[in-house]
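Colleague: I am new to this model and would like to begin with one part of it, moving outward only once that part is clear. Please take me through it slowly, and explain each term when it comes up.

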Amino acid sequence: MDKQQIIKNILMTPEFQEVIKEIRENQLNRIIYSNEDEANEREKAYVRVKTIDELMSTLESISKNGEIKSKAWKIL
């Protein structure tokens, strides 16, 4: 099994999706429920949310890269 397939399998598991969703929601809640004077904490939580989003985008891109390449060869 290659790297693309391993990542695709991980992304498809409900457990992984649930964990990522929970981590992201926790950070969003830190932003929502922070006090007015906790701008630094909100900023840290925002950076974490963006990091999670970037990580997921990268993993999804890797998992779909093989599909894109195989379709490209069909066109040629």
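In which helix does Ile10 lie?

Modeller: Ile10 belongs to helix 1, which covers residues 3-12; helices here are DSSP runs of H or I with at least four residues, strands are runs of E with at least two, and both are numbered from the N terminus. Before going further, please keep in mind that this is a predicted model, in which local features need pLDDT of at least 70 and side-chain atom pairs count only at pLDDT 80 or more, while totals for chains, interfaces and linings use all residues. Residues are numbered from 1 along each chain as its sequence is written, and side-chain values use heavy atoms, with hydrogens and water left out.

As for its surroundings, Ile10 has a relative accessibility of 40% and therefore counts as partly exposed, the class between buried (under 20% relative accessible area) and exposed (over 50%), judged with a 1.4 Å probe and protein chains only. Together with Met1 and Ile6, Ile10 makes a nonpolar surface patch of about 330 Å². Such patches take residues with over 30% relative accessible area and no salt bridge, joining like charges within 9 Å and nonpolar side chains (Val, Leu, Ile, Met, Phe, Trp, Tyr) within 5 Å. The areas themselves come from the Shrake-Rupley method with a 1.4 Å probe, and for residues only the protein chains shown count as cover.

Helix 1 also has a part in the interior. The largest nonpolar core consists of five residues, namely Ile7, Leu11, Ile20, Ile52 and Met56, and the elements that give two or more residues to this core are helix 1 and helix 3, the latter spanning 39-75. A core of this kind is a set of buried Ala, Val, Leu, Ile, Met, Phe, Trp, Tyr and Cys residues joined through side-chain atoms within 4.5 Å. In soluble globular proteins, nonpolar side chains tend to be buried together. One core member, Met56, is in contact (heavy atoms within 4.5 Å) with Leu11, Phe16 and Ile20, once its neighbours within four places in sequence are left aside.

From the core we can step to Asp53, which lies in helix 3 and whose C-alpha atom is 9.5 Å from that of Ile20, although the two are 33 residues apart along the chain. Asp53 is partly exposed, with a relative accessible area of 24%, and forms a salt bridge with Arg24 in which the closest N and O atoms are 2.7 Å apart. Because Asp53 sits in helix 3 and Arg24 in helix 2 (residues 14-32), this pair ties together parts that are 29 residues apart in sequence. Arg24 is partly exposed as well, at a relative accessible area of 30%. A salt bridge means a side-chain nitrogen of Lys or Arg within 4 Å of a carboxyl oxygen of Asp or Glu, and a search of the whole structure finds three.

Another salt bridge joins the side chains of Arg30 and Glu41, at 2.7 Å from N to O; since Arg30 lies in helix 2 and Glu41 in helix 3, the pair ties together parts that are 11 residues apart in sequence. Glu41 also meets Lys44 in a salt bridge, at 3.7 Å from N to O, and these two, being three residues apart in helix 3, are separated by about one helical turn. Arg30, Glu41 and Lys44 are thus linked in a network of salt bridges. Arg30 is partly exposed at 33%, as is Glu41 at 31%, and Lys44 falls in that class at 37%.

The loop between helix 2 and helix 3 holds Ser34, which is buried, with a relative accessible area of 17%. The side chain of Ser34 reaches the backbone oxygen of Ile31 at 3.0 Å, a polar contact, that is, a pair of N or O atoms within 3.5 Å, of which, within protein, one must be able to donate a hydrogen and the other to accept it, residues adjacent in sequence counting only if both atoms are side-chain atoms. Not counting residues up to four places away in sequence, Ser34 touches Asn29 and Arg42.

Finally, for the chain as a whole, there are three helices and zero strands, giving the pattern α-α-α along the sequence. Buried residues make up 13% of the 76 residues, and the chain exposes about 6,300 Å², of which carbon and sulfur atoms supply 57%. Among contacts between residues at least 6 apart in sequence, 58% join residues at least 24 apart.
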